[in-house]
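Colleague: I would like to go through the labels attached to this model and hear the reasoning behind each one. Please set the values against the cut-offs as we go.

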Amino acid sequence: PEWGAAMALPYKNMIILKKRSFSIVAPDLQRILTHEFIHIAVYHRVNGVPLPGWFDEGVAQIGSGETRFLSRAMLALAAWRKKVYSLRNLEYRGNFSKLGPSFSYAASLSALELLSEKYGIDIVRDIIDSTNGQDDFRRGFKSATGISLNQFYQMWEDYIRKKYRFFFLTSSNQIIWTVAALAFMLIAIWKWISKKRKIKRMKDEEGSTYNGVYYTEPPFDSS
C-alpha cells in the first residue's frame with residue numbers, strides 16, 4: 001500500500017520493501033521485517049486458510065512489539081465521537097485504506113489485546129491452531145474461544161467504548177476540552193500532510209507506488 005514501508009507475499013515467501021525503507025533506522029527496519037515475517041509464518045501455520053485482516057494484522061503487531069500510541073489516540077477519538085467501525089469492516093484489508101490506516105491498525109491491535117486479556121496470551125496460538133485443524137477461521141475461532149465471531153465483534157465494540165469513553169474527560173474544565181480537541185486536530189492535520197509528502201517523495205524516487213493492498217489469498221469470506 002502507498003502508506004506502508006513493506007508488504008508480505010506469504011504464498012511466495014517474499015517480502016517487498018519500498019525503496020525508502022532502506023533509509024529507515026535499524027530498530028524500525030527490524031520491527032518492519034519482523035511484522036512481515038509474522039504474516040508469512042501465520043500463513044503457513046494455517047496452511048493458507050483465509051484470515052480476516054484485523055486478526056492477521058493484530059497478530060503481526062503483537063509479535064513485532066508495536067504500540068501505535070498516536071493511532072490509539074485516533075481510536076479514542078473515534079470512540080468519543082461514537083464512530084467506531086465494526087471489526088467486520090476490517091475483515092478485508094481493502095477497507096483499511098477506506099477507514100483510515102491509523103484506525104484500522106489500532107483497532108486490529110486492540111482486538112488482539114482484548115483476546116489476550118480475556119483468554120490469556122496463548123489464545124492467539126490456540127485460534128491459529130484451531131483454524132488449521134478446522135480448515136476455517138470462523139469455526140477455529142469458536143472452537144478456541146467458545147464464542148462466535150459475531151459475539152466477539154460486539155464484545156470488542158463494548159470494550160472500546162468502555163475503555164476510551166473518558167479519554168478526553170480528565171476534567172470538566174472547558175479549557176481542557178478545547179486543548180484536547182485542538183491537539184487532535186493538529187495531529188490529524190500533521191498526519192495528513194506527512195502522508196501526502198511521503199507519497200509524493202516515493203513517487204518522485206520510484207516513479208510509481210503500489211496500488212494494491214496486502215491480503216491473504218483468497219480474501220476472507222465474511223458471508
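**Labels and the values behind them**

Modeller: The protein chain has nine helices and two strands. From the N terminus on, the order of these elements is β-β-α-α-α-α-α-α-α-α-α. The model is predicted.

Colleague: What share of the protein chain counts as buried, and what does buried mean here?

Modeller: Of the 223 residues, 44% count as buried; the label requires a relative accessible area under 20%. The chain exposes about 12,000 Å², of which carbon and sulfur atoms supply 56%. Among contacts with a separation of 6 or more, 70% are between residues 24 or more positions apart.

Colleague: Why is His-39 called buried?

Modeller: The cut-off for buried is under 20% relative accessible area. His-39 has 1%, so the residue is buried. His-39 sits in helix 1, residues 26–45. Its C-alpha is 6.7 Å from that of Pro-10, and the two residues are 29 apart in sequence.

Colleague: What makes Gln-154 partly exposed?

Modeller: Partly exposed covers the range between buried, under 20%, and exposed, over 50%. Gln-154 has a relative accessibility of 42% and therefore counts as partly exposed. Gln-154 belongs to helix 8. The C-alpha atoms of Gln-154 and Leu-87 are separated by 8.9 Å, with their positions 67 residues apart along the chain.

Colleague: Which label does Asn-47 get for its accessibility, and why?

Modeller: Exposed requires over 50%. Asn-47 is at 59% relative accessibility and so counts as exposed. Asn-47 is in the loop between helix 1 and helix 2 (53–64).

Colleague: What is notable about the phi of Asn-47?

Modeller: The phi of Asn-47 is positive, about 55 degrees, although Asn-47 is not a glycine. Most residues other than glycine have a negative phi. Asp-135 is also not a glycine and has a positive phi, of about 60 degrees.

Colleague: Where does Asp-135 lie, and why is its accessibility label what it is?

Modeller: Asp-135 lies in the loop between helix 6 and helix 7. At 56% relative accessibility, set against the cut-off of over 50%, Asp-135 counts as exposed.

Colleague: How do you know that helix 6 and helix 7 are oblique to each other?

Modeller: Helix 6 (residues 123–134) and helix 7 pack at about 135 degrees, with axes 7 Å apart. Roughly perpendicular covers 65 to 115 degrees and roughly antiparallel begins over 145. An angle of about 135 degrees fits neither range, so helix 6 and helix 7 are oblique. Helix 6 passes helix 7 in a right-handed crossing. On the helix 6 side, the contact is made by Ile-123, Asp-126, Ile-127, Ser-130, Thr-131 and Gln-134; on the helix 7 side, by Phe-137, Arg-139, Gly-140, Phe-141, Ser-143, Ala-144 and Thr-145. By class, these residues divide into five nonpolar, six polar and two charged.

Colleague: Why is the pairing of helix 7 with helix 8 called roughly perpendicular?

Modeller: Helix 7 (residues 137–145) and helix 8 (residues 149–164) pack at about 70 degrees, and their axes are 9 Å apart. The roughly perpendicular range is 65 to 115 degrees, so the label applies to helix 7 and helix 8. Helix 7 contributes Phe-137, Arg-138 and Phe-141 to the contact, and helix 8 contributes Leu-149, Asn-150 and Phe-152. The classes are four nonpolar, one polar and one charged.

Colleague: What angle do helix 2 and helix 5 make, and what is their arrangement called?

Modeller: The axes of helix 2 and helix 5 (residues 101–119) cross at roughly 80 degrees and come within 8 Å. That angle falls in the range of 65 to 115 degrees, which makes helix 2 roughly perpendicular to helix 5.

Colleague: Which residues of helix 2 and helix 5 meet?

Modeller: Trp-54, Phe-55, Glu-57, Gly-58, Val-59, Gln-61 and Ile-62 of helix 2 meet Tyr-105, Ser-108, Leu-109, Ala-111, Leu-112, Glu-113 and Leu-115 of helix 5. The contact holds nine nonpolar, three polar and two charged residues.

Key:
Residues numbered from 1 in each chain as written. Predicted model: local features only at pLDDT ≥ 70, side-chain atom pairs only at ≥ 80, totals over all residues. Heavy atoms only, no water. Axes fitted to C-alpha atoms, helices over the stretch in contact; angles between N-to-C directions. Helix = DSSP H or I, 4+ residues; strand = E, 2+ residues; numbered from the N terminus. Parallel < 35°, antiparallel > 145°, perpendicular 65-115°, else oblique. Contact = heavy atoms within 4.5 Å. Nonpolar A, V, L, I, M, F, W, Y, C, P; charged D, E, K, R; others polar. Left-handed = near helix turned anticlockwise from the far one by under 90°. Buried < 20%, exposed > 50% of the residue type's maximum accessible area, 1.4 Å probe, protein only. Areas by Shrake-Rupley, 256 points an atom, 1.4 Å probe, with all protein chains shown as cover.
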